[in-house]
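Welcome! Here are a few short exercises to work through with the structure open beside you.

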Amino acid sequence: MNTLALTAANLGIGGSGIAAVLGYAVVFFGLVLLMCVVILMGKAMAGTNKKAEVKAPGSAPAPAAPAAPAAPPAPGSAGEVKLFDVPDKEAAMIMAIVADKMGKPLNELRFKSIKEVK
């Protein structure tokens, strides 16, 4: 029986090059498909999170804190920090840890807001 076996020995240099290019194309096509699936799943999950936030019953926005008189910030401070569901003590610890890890004094950093991720 005479069977045609495709091996590197009987393909030649041109055939081997074509086989390599086709192999690379298959791998990159699979990667592109995987990337599309990940992007679509991310958008789907983001859409369900937005729907859940909108449909949450009885979730009235928290009343705003009374406005404090506009006093000049303390020397060396970088302004106000908006806290979202974070107690003052925890926010202070977070700011101190960040300053320590960055190796900078706290008065050289500016924190805009601190929000607890649930």
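## Exercise 1: The pocket lining

Task: sort the lining of the largest pocket by residue class.

Solution. By class, this lining holds two nonpolar residues, no polar ones and four charged ones. Keep in mind that the model is predicted. Next, put names to the classes: the lining residues are Phe-84, Asp-85, Lys-115, Glu-116, Val-117 and Lys-118. Phe-84 and Val-117 count as nonpolar, while Asp-85, Lys-115, Glu-116 and Lys-118 count as charged. Finally, add the volume: the largest pocket encloses about 260 Å³ of space.

## Exercise 2: The order of elements

Task: find how many helices and strands the protein has, and in what order they run.

Solution. Start with the count, which comes to two helices and two strands. Then walk along from the N terminus, and the elements read α-β-α-β.

## Exercise 3: The nonpolar core

Task: find which residues make up the largest nonpolar core, and which helix gives the most to it.

Solution. First, list the seven members: Val-86, Ala-91, Met-95, Ala-99, Leu-109, Phe-111 and Ile-114. Helix α2, spanning residues 88-102, gives the most to this core, with three residues. Now take one member, Ile-114, and leave aside its neighbours within four places in sequence: its contacts include the core residues Val-86, Ala-91 and Met-95. Ile-114 also touches Val-81, Lys-82, Leu-83, Phe-84 and Ile-94.

## Exercise 4: The whole protein

Task: find what share of the protein is buried, and what area is exposed.

Solution. Of the 118 residues, 6% count as buried. The exposed area is about 10600 Å², and carbon and sulfur atoms supply 69% of that area.

Definitions and conventions:
Residues numbered from 1 in each chain as written. Predicted model: local features only at pLDDT ≥ 70, side-chain atom pairs only at ≥ 80, totals over all residues. Heavy atoms only, no water. 1 Å grid on protein atoms, 1.4 Å probe; cavity = no way out; pocket = protein on both sides within 12 Å on 5 of 7 lines; lining within 4 Å. Points joined across faces, edges and corners; volume = space filled by probe spheres on them. Core = buried A, V, L, I, M, F, W, Y, C linked by side-chain atoms within 4.5 Å. Buried < 20%, exposed > 50% of the residue type's maximum accessible area, 1.4 Å probe, protein only. Helix = DSSP H or I, 4+ residues; strand = E, 2+ residues; numbered from the N terminus. Contact = heavy atoms within 4.5 Å. Areas by Shrake-Rupley, 256 points an atom, 1.4 Å probe, with all protein chains shown as cover.
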